[in-house]
Amino acid sequence: MKRGIFIMAAVLLAGILSAGAAERAQRNEWIPLFNGKNLDGWEPINGTAKYEVKDGAIVGTTAEGSPNSFLCTKKHFGDFVLQFEVKVDDRLNSGVQVRSNSFKDYQNGRVHGYQVEIAAGGFSGFIYDEARRGKWLSEDRCDKAASEKAFRKGEWNKYRVRCVGDSIKTWINGVPIADVIDDMTESGFIGLQVHVFQGDSPASVMWRKIRIREVKIQEREKTEAK
């Protein structure tokens with residue numbers, strides 16, 4: 001009997017939390033994508049990199065022989081502003097997928113779509129088309145000098161990504177980096193990448209304070225100021 005009551009209470013609590021998230025989305029408020037405790041709402045796709053929660057952060061660690069690995073939100077997003085903090089091993093480049101997808105009939109489920117670059121060696125904040133066109137998008141609309149200056153090696157870096165209509169913009173630690181116009185994909189999941197790696201020892205990348213604010217259609221023509 002007690003077990004049944006506990007299960008009912010848990011289901012009720014989950015429903016309340018879900019309803020709360022829906023209400024925040026309706027009011028265009030920030031919604032946390034990571035609760036700091038576990039990987040609820042996320043699922044691994046491709047590769048064998050290890051994802052775990054340590055000290056309030058998602059830690060992705062390379063695995064020998066693994067291709068690119070991704071930890072992806074189960075929910076898809078269209079127009080939004082995404083914020084997160086990230087710290088990456090200087091030996092490893094990584095990225096965050098936005099408006100990305102995985103289909104069984106596309107390269108056997110390979111994750112593909114827009115990727116915001118994370119790398120101590122340059123190009124951080126640039127937009128790459130992962131496993132699709134396989135190139136930087138509108139590189140002439142990205143500021144490499146600003147990227148190299150803004151990204152702090154060995155430290156937490158605050159990223160901001162704004163996807164509204166065909167516009168994708170990025171900032172690192174408040175510095176504008178990319179301003180890309182592309183309309184190939186309107187919506188998809190958010191994915192945390194652990195890149196293929198061949199180092200002498202495993203390398204890790206960490207994310208925390210991951211949150212999103214969905215943008216209503218009426219806001220598409222407005223400048224994001226908050």
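These questions and answers deal with the strands, cores and selected residues of a predicted model.

Me: In what order do the six strands of the open sheet stand?
Reply: Strands of a sheet pair through backbone hydrogen bonds, either parallel or antiparallel. In this open sheet the pairing is antiparallel. Neighbouring strands are turned by 30° against each other on average, direction ignored. The order is β2-β5-β13-β7-β8-β9.

Me: Which strands stand at the edges of this sheet?
Reply: An edge strand here has a single partner strand, so one side of it is left without a neighbour in the sheet. The two strands in that position are β2 (42-45) and β9 (127-130).

Me: How many bridges join β2 to β5?
Reply: The two strands run antiparallel. One of the pairs is Glu-43 with its bridge partner Cys-72 in β5. The number of bridges joining β2 to β5 is four.

Me: Which residue in β13 does Phe-70 stand opposite?
Reply: β5 and strand β13 (residues 189-194) pair in the antiparallel sense. Their pairing extends over four bridges. Opposite Phe-70 in β13 stands Gln-193.

Me: How many residues of strand β5 are buried?
Reply: Strand β5 covers residues 69-73. Ser-69, Leu-71 and Thr-73 point one way from the strand, and Phe-70 and Cys-72 point the other way. Residues on both sides are buried. The count for β5 is five of its five residues.

Me: Is Cys-72 buried or exposed?
Reply: The cut-off for buried is under 20% relative accessible area. Cys-72 has 0% relative accessibility. Because that value falls under the cut-off, Cys-72 counts as buried.

Me: How many disulfides does a search of the whole structure find?
Reply: A disulfide is a covalent bond between the sulfur atoms of two cysteines. Cysteines here include Cys-72, which is buried, and Cys-142, which is buried at 13% relative accessibility. The search covers the whole structure, and the number of disulfides found is zero.

Me: Which strand gives the most to the largest nonpolar core?
Reply: In soluble globular proteins, nonpolar side chains tend to be buried together. The largest nonpolar core in this model has 45 residues, and Leu-82, Phe-84, Trp-207 and Ile-210 have the most contacts inside it. The strand that gives the most to this core, with five residues, is β6 (residues 80-88).

Me: How many residues are in the second, separate core?
Reply: This core includes Ile-45, Cys-72, Val-111 and Phe-189. It is separate from the largest core. Its number of residues is five.

Me: Which residues of strand β6 does Ile-210 touch?
Reply: Strand β6 covers residues 80-88. Leaving out residues up to four places away in sequence, Ile-210 touches residues including Ile-31, Pro-32, Trp-42, Ile-58 and Leu-192. Within the range of β6, the residues touched are Leu-82, Gln-83 and Phe-84.

Me: What backbone oxygen does the side chain of Ser-94 reach?
Reply: Ser-94 is placed in strand β7 (residues 93-101) and is buried, with a relative accessible area of 0%. Leaving aside neighbours within four places in sequence, the contacts of Ser-94 include Val-116, Gln-193 and Trp-207. At 2.4 Å, the side chain of Ser-94 reaches the backbone oxygen of Gln-193.

Me: What distance separates the C-alpha atoms of Ser-94 and Ala-119?
Reply: Seven bridges join β7 to strand β8 (residues 112-119), and the two strands run antiparallel. In β8, the bridge partner of Val-98 is Tyr-114. Ser-94 and Ala-119 are 25 residues apart along the chain, and the separation of their C-alpha atoms is 6.2 Å.

Me: Which residue takes a positive phi in the hairpin of β10 and β11?
Reply: Strand β10 (residues 157-164) and β11 pair in the antiparallel sense over six bridges. Arg-160 has Trp-171 as its bridge partner in β11. The hairpin has two residues between the strands, and the residue with a positive phi, near 60°, is Gly-165.

Me: Which residue in the turn between β11 and β12 has a positive phi?
Reply: β11 and strand β12 (residues 175-181) pair in the antiparallel sense over five bridges. Trp-171 stands opposite Pro-176, and the bridge partner of Ile-168 is Val-180. Two residues lie between the strands of this hairpin, and the one with a positive phi of about 50° is Asn-173.

Methods. Residues are numbered from 1 along each chain as its sequence is written. This is a predicted model: local features need pLDDT of at least 70, side-chain atom pairs count only at pLDDT 80 or more; totals for chains, interfaces and linings use all residues. Side-chain values use heavy atoms; hydrogens and water are left out. A disulfide is a pair of cysteine sulfur atoms within 2.5 Å. Buried means under 20% relative accessible area, exposed over 50%, partly exposed in between (1.4 Å probe, protein chains only). A nonpolar core is a set of buried Ala, Val, Leu, Ile, Met, Phe, Trp, Tyr and Cys residues joined through side-chain atoms within 4.5 Å. Contact means heavy atoms within 4.5 Å. A polar contact is a pair of N or O atoms within 3.5 Å; within protein, one must be able to donate a hydrogen and the other to accept it, and residues adjacent in sequence count only if both atoms are side-chain atoms. Two strands pair if DSSP finds at least two bridges between them. Axes are lines fitted to C-alpha atoms, for helices over the stretch in contact, and angles run from 0 to 180 degrees between N-to-C directions.
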